[in-house]
Amino acid sequence: MTKKKTLYNPGTLALLLFLFVILFNPFVIVNAGERGVLMQFGKVEETILGEGIHAVIPLVNTVKKLSVRVQKQESSAEASSKDLQEVFTDVALNWHIFPEEANAVFQQVGDENAIVERIINPAVEEVLKAVMAKYTAEEIITKRGEVKAGVDNSLTERLIGYHIRVDDISLVHVHFSQRFSDAVEAKQIAEQEAKKTGFVVMKALKDAEIKVNLARGEAEAQSLLRETLTSELLLKQAIDKWNGEPPLIIGEGGTKLLNLSNFAKNKEN
């Protein structure tokens, strides 16, 4: 009788219940941003546990928690352009598991690490190779937005079959081999030198044209002056500048008076 009372003692029952909860844990808590994949004897069930506390059957049910938050994965890949130039690309991918398909992705692929290693990294590398091969090295630089859109669309289509949603992809850094970079730099230098040479040539031609125009203008002015310079005009200019004293010419024959009319006639002839 004493043993029965000891067995059913409230304190003893509470201790047994506590040990049962600790050992078998009939409750599971799914945190914010997670989904619980419910399994029965290791078999994935269709039921997906949302955020909160859930009762499960100890030893029968197990729960695997998967994050459905947006996650960032950075990776690097090497590809070849349409003109066979080596392209090295650093990619930052934001992705998340479809919450309502958490059980399917866990059953087919595994947890987050398995998703990254088995699905995302190989997909990024393959998509980059396929997209980069459609563009020349120069187009990859000048059409960067178009290249990014092509990578985004192809990767989204590929990963959605694995219950993974692509939120955003960034081509963080795209660079080429050192040989190609040196060739681009040499081309830019040559173009700059060509532009400089063209400017010098144009300036020389312009200066020559100015000199020709000046010479032509001076010749035309001289011709016009010869045509308009008459004896009457010369006489008038001489009279306008005469100071009232008889003009003299000093030579071997002595001092002579200058006959303006004769001078004008001689100038005209």
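These legends describe close-up views of a predicted model.

**Figure 1. The whole chain holds 9 helices and 10 strands.** The protein has 269 residues, and 27% of them count as buried. Its accessible surface comes to about 18,800 Å², and carbon and sulfur atoms account for 57% of that area. Among contacts with a separation of 6 or more, 66% are between residues 24 or more positions apart.

**Figure 2. Strand β2 pairs with β5 and with β3.** Strand β2 covers residues 34-40, and 5 of its 7 residues are buried. With strand β5 (residues 61-67), β2 pairs in the antiparallel sense over 7 bridges. Strand β3 (residues 43-49) also runs antiparallel to β2, and 4 bridges join the two. Methionine 39 can be followed to both partners: its bridge partner in β5 is threonine 62, and in β3 it stands opposite valine 44. In a regular strand the side chains alternate between the two faces of the sheet.

**Figure 3. A hairpin is formed by β2 and β3.** There are 2 residues between the two strands. Phenylalanine 41 is in the turn and has a positive phi of about 50°.

**Figure 4. Arginine 35 and glutamate 51 form a salt bridge.** The N to O distance between these side chains is 3.8 Å. Arginine 35 lies in strand β2 and glutamate 51 in the loop between β3 and β4 (52-55), so the salt bridge ties together parts that are 16 residues apart in sequence. Glutamate 51 is partly exposed, with a relative accessible area of 48%. A search of the whole structure finds 6 salt bridges; the next two views show others.

**Figure 5. Lysine 72 and glutamate 74 form a salt bridge.** The closest N and O atoms of this pair are 3.3 Å apart. Lysine 72 is exposed, with a relative accessible area of 55%. Glutamate 74 also counts as exposed, because its relative accessibility of 54% is over the 50% cut-off.

**Figure 6. Helices α6 and α4 are linked by a salt bridge between arginine 158 and glutamate 126.** The side chains meet at 3.1 Å, N to O. The pair links distant parts of the chain, since arginine 158 in α6 and glutamate 126 in α4 are 32 residues apart. Arginine 158 is partly exposed, at 34% relative accessible area, and glutamate 126 is partly exposed too, at 45%. Side chains of opposite charge can pair when their charged atoms come close.

**Figure 7. The largest nonpolar core contains 40 residues.** Leu93, Trp95, Ile115, Ile120, Leu128, Leu155 and Leu159 touch the most other members. Several elements give two or more residues to this core, including β2, β7 (86-97), α6 (144-159) and β8 (164-176). Helix α4 gives the most, with 11 residues. Leaving aside neighbours within four places in sequence, leucine 155 is in contact with Leu93, Ala123, Val124, Val127, Val166 and Ile169. Another core, of 5 residues, lies apart from the largest one, and its members include Val28, Leu38, Leu49 and Val56. In soluble globular proteins, nonpolar side chains tend to be buried together.

**Figure 8. Phe27, Ile29 and Ile53 form a nonpolar patch on the surface.** Together these residues have about 320 Å² of accessible area. Phenylalanine 27 is in strand β1 (residues 27-30). Phenylalanine 27 is partly exposed, with a relative accessible area of 44%.

Note on methods: Residues numbered from 1 in each chain as written. Predicted model: local features only at pLDDT ≥ 70, side-chain atom pairs only at ≥ 80, totals over all residues. Heavy atoms only, no water. Buried < 20%, exposed > 50% of the residue type's maximum accessible area, 1.4 Å probe, protein only. Pairing = 2+ DSSP bridges. Patch = residues over 30% accessible without salt bridge, like charges linked within 9 Å, V, L, I, M, F, W, Y side chains within 5 Å. Areas by Shrake-Rupley, 256 points an atom, 1.4 Å probe, with all protein chains shown as cover. Salt bridge = Lys/Arg side-chain N within 4 Å of Asp/Glu carboxyl O. Core = buried A, V, L, I, M, F, W, Y, C linked by side-chain atoms within 4.5 Å. Contact = heavy atoms within 4.5 Å.
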